[in-house]
Amino acid sequence: MDRNPSPPSSEAEEEGDAVGNTVYSKHWLFSILTRLIEVISPEKTEPTVSPEGIQTELDEEMENDICKVWDMSMDEDVALFLQEFNAPDIFMGVFAKSKCPRLTEICVGILGNMACFQDICMSISKDENLGQVLLQRLCDSDSPTLLETSRLLLTCLSQPEVANVWVERIRENPSVYDCVCFIMSSSTNVELLVKVGEVVDKLFDLDEELMLNWIKNGTCRSVGPSVDDSPEELPDFKIVPCILEAAKQVRSDNPEGLDVYMHILQLLTTVDEGIQAIDMPLIGSLIRILQYMEGCGKRSVDNSKESEQQETGRADLNEEDFHLKILKDICCELLSNMLQELTKENTLEGLHQGHLNEQTCSCAFQNLLPLYFASVESFLEVLREADQTLADNLEKRFPSLKVHA
């Protein structure tokens, strides 16, 4: 915004001071909205301003008062009053001008409370400028602001009358994908991860086309979280690894949050593209398990040589080896089935992501041969199309494959 929003009308005082059927004062709420405009006014100078003259912290009194408004906004009469006196426009000014993370967080939180009421939610959702500014908040570097933004989006997506408006807006805004992936892949804030997961779960449940677009996504864009709002190039995100990273982060602290991410994965498996996107990271995980078990086997052999004279604990060791063999058999069977289904495109993607290379393929072949020879041979044919050199190297390491080529 190039100007500060106009102050709300003071005519409210003439109509009686109570807000609707509440005991809250119109005059007091009006005064807070007016002070909020003053806070973001570049002409106003306070001790808590940056060298550029922009306030970066709230004084204690203002923070306490605006937090009271946040609490009060859960009341429908208060929410309607704020809507009537253009609070969303004032908040737009905050988002555009304020460099105070706490103030931004509170204003997004108030909007989130207001959006719980259908008519207000429809008004907020249909405001294209406000909608775009709110989506930009997903690229914020402040976790509390991200949490409140996610809550607001989830509230709007849960309203059938406006859900499609937000789905379309998100589909047309590529930065949302990048910022959501960035949060899921890097945040350690479990509460934030759960709320972002709920947003993604709702989006995928509402719109299969958007889910397909996000599965196929991954091109690098010059948009991302930045304190000074300057564009920041993000990595080449893939949705499935980001979801798995977030699930790993929340699994011990929030079992219900883990259920959210499991449901996202379940939604992904309803389309072929989603299955393929999940398959490659899973193949990488299965091979890592086999590599780990190879390491365990080597250590077990070394330990047995050093302690052949010690019989104590031998039964426990044999039982552990038995369970490891069962795990290995399951991994090998699953891996063989998945390798047999890979296409050239899947294989190229696996090579690009690092799930497939000479070391991992050698480990897979070592464990699959000779029992799953047909699966290995089928995969090798596809690998020749994707990487002839790697296929030739593997044939040299496993002569039985070359004989049947």
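Here's a quick briefing on the cysteines and one buried lysine in this structure. Keep in mind that the model is predicted. It holds 1 disulfide, formed by Cys139 and Cys179. Lys195, in helix H11, gets a short look of its own at the end.

**The disulfide**

- The sulfur atoms of Cys139 and Cys179 sit 2.1 Å apart, and a pair counts as a disulfide when the sulfurs are within 2.5 Å.
- Turn to the S-S bond of Cys139 and Cys179 and you'll find a torsion of about 80°, so this disulfide is right-handed.
- Cys139 is in the loop between helix H7 (128–136) and helix H8 (143–157), while Cys179 belongs to helix H10 (residues 174–186), so the bond ties together parts 40 residues apart in sequence.
- Both partners are tucked away: Cys139 is buried at 11% relative accessible area, and Cys179 is buried at 1%.

**Other cysteines**

- Cys121 is in no disulfide; its nearest cysteine sulfur belongs to Cys156, 3.9 Å away.
- That spacing misses the cut-off, because a disulfide needs the two sulfurs within 2.5 Å.
- Cys121 is buried too, with a relative accessibility of 1%.
- Cys67 has a relative accessible area of 17%, which makes it buried because the limit is under 20%.

**Lys195**

- You'll find Lys195 in helix H11, which covers residues 190–206.
- Lysine or not, Lys195 is buried, with 18% relative accessible area.
- Setting aside neighbours within four places in sequence, Lys195 is in contact with Leu147, Ser150, Arg151 and Leu154.

How values were computed
Residues numbered from 1 in each chain as written. Predicted model: local features only at pLDDT ≥ 70, side-chain atom pairs only at ≥ 80, totals over all residues. Heavy atoms only, no water. Helix = DSSP H or I, 4+ residues; strand = E, 2+ residues; numbered from the N terminus. Buried < 20%, exposed > 50% of the residue type's maximum accessible area, 1.4 Å probe, protein only. Contact = heavy atoms within 4.5 Å.
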